[in-house]
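Open the model in your viewer and keep the selection box ready. This tour goes stop by stop, each time saying what to select and what is there.

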Amino acid sequence: MRRCLQLAANGLGRTRPNPLVGCVIVDSRRDVPQCTPEIVSEGFHQQYGHNHAERNALLRKTDRVHTGVCPYEGATLYVNLEPCSHYGKTPPCADLIIEKGIRRVVCCNDDPNPLVAGNGFRKLEAAGIEVVRHVLEEEGRELNRRFFTFMEQRRPYVILKWAESADGFMAPATAGLYWLSTQRQNRLNHRWRTEEAAILVGSETYLQDHPSLTPRHYLGTAPQPVVLDRRGRLNDVPAHWLHLHCQTVEETLQALYERKLQSVIVEGGRQILDTFIASGLYDEVRILRSPQTLGTGLPAPEIPPIAPNRLIIVEP
């Protein structure tokens, strides 16, 4: 199952809004006592709209062809999320598992998607397949924390991110563009952008910095740029940006949820970061700590005593 989770993580940033899923097939047929359990195929969900993990593993060519039976007849299939049972971009994985003669399915997590929600397991069990659930369940939820937050809390997974000087300032006292992040930190920041569905700034950051919010220093999918314009100050926002006039954090997250944006990095200035912190509607904080000291300037946000589930501080 840990191999499943390792494989699933390879799809980060490319499968959204689908979850990250890996699949491992083990030949452990009970009718052949001399057969040592062995991984005979594996796969993962590589890109939204393409084959799911189970289909990639089950359709993979293998050298293990047993006389008169399917290569996967009687095998055990490990997958970190309940196999789908409905037609979407691809056919149901549960049907293919049954067709290929899999004897046993071991799984991390039930799928909270109402289109699945237990139906995949029920279909497998009705076909006589043994189903083992909740193996490494917490590790599976951690991997797919964006997906589970979106499905269960009906909002995007929220990451607050900022850069700060070694002495705790976001910007110097004098106005103007000022880069705190090191080259390594900047590249990491751009990798983070490829992993999330959206990136959000406030109108002040938009007016002062004219950010592109692209992952130009890292190869990957660009997030949806979003500007929160509560005071209606902007009239020249590019067409590919999402221009929101929401007044509260709750309204903002609802607008992103309705657009099926599963996660968002809030990369704005002090005011918008403080607003999200005060609301409590965030899941993770990431801080890029610079080797530079400023002595004075705009202080970085204060993390409340009850820290978020995930706090990442990247030193120089």
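Start with a pair of residues. Select Ile199, which stands opposite Ile265 in strand E11. Their strands, E8 and E11 (residues 263-266), run parallel and are joined by 3 bridges. Two strands count as paired if DSSP finds at least two bridges between them. Helices (H or I, at least four residues) and strands (E, at least two) are DSSP runs, numbered from the N terminus.

Before moving on, note that this is a predicted model: local features need pLDDT of at least 70, side-chain atom pairs count only at pLDDT 80 or more, and totals for chains, interfaces and linings use all residues. Residues are numbered from 1 along each chain as its sequence is written, and side-chain values use heavy atoms, leaving out hydrogens and water.

**Stop 1: E8 to E9**

Select residues 198-202, strand E8. E8 pairs with E9 in the parallel sense, over 5 bridges. Pick Leu200: its bridge partner in E9 is Val226. Now add helix H8 (residues 203-209); E8, H8 and E9 make a right-handed β-α-β unit. Right-handed means that, with the strands pointing away from you, the path from the first strand over the helix to the second runs clockwise.

**Stop 2: E9 and its other neighbour**

Is strand E9 (residues 224-228) enclosed or open? 4 of its 5 residues are buried, so E9 is largely enclosed by the rest of the structure. Buried means under 20% relative accessible area, exposed over 50%, partly exposed in between (1.4 Å probe, protein chains only). Next select strand E10 (residues 242-244), which pairs with E9 in the parallel sense over 3 bridges. Here Val226 stands opposite Leu242.

**Stop 3: the whole sheet**

Show the full set of 7 strands. They form an open sheet in the order E10-E9-E8-E11-E6-E12-E14, with parallel pairing. E10 and strand E14 (310-314) stand at the edges, each with a single partner strand, so one side of each has no neighbour in the sheet. The twist averages 20° from one strand to the next. Angles run from 0 to 180 degrees between N-to-C directions, and axes are lines fitted to C-alpha atoms, for helices over the stretch in contact.

Now select helix H9 (residues 249-258). H9 lies across E6 (157-164), E8, E9, E10 and E11, at about 150° to E10. Contact means heavy atoms within 4.5 Å.

**Stop 4: salt bridges**

How many salt bridges does a search of the whole structure find? The search finds 21. Each is a side-chain nitrogen of Lys or Arg within 4 Å of a carboxyl oxygen of Asp or Glu.

Select Glu42 and Arg3: their closest N and O atoms are 2.6 Å apart. Glu42 sits in strand E2 (residues 38-44) and Arg3 in helix H1 (residues 2-8), 39 residues apart. Arg3 is partly exposed, at 32% relative accessible area.

Go to Arg155 and Asp283, whose side chains meet in a salt bridge (2.9 Å, N to O). Arg155 lies in the loop between helix H6 (145-153) and E6, and Asp283 in the loop between helix H10 (270-279) and strand E12 (284-289), so the pair ties together parts 128 residues apart in sequence. Arg155 is buried at 9%. Asp283 is buried too, at 10%.

Last, select Lys161 and Glu267, a salt bridge with its closest N and O atoms 3.3 Å apart. Lys161 lies in strand E6 and Glu267 in the loop between E11 and H10, so this pair ties together parts 106 residues apart in sequence.
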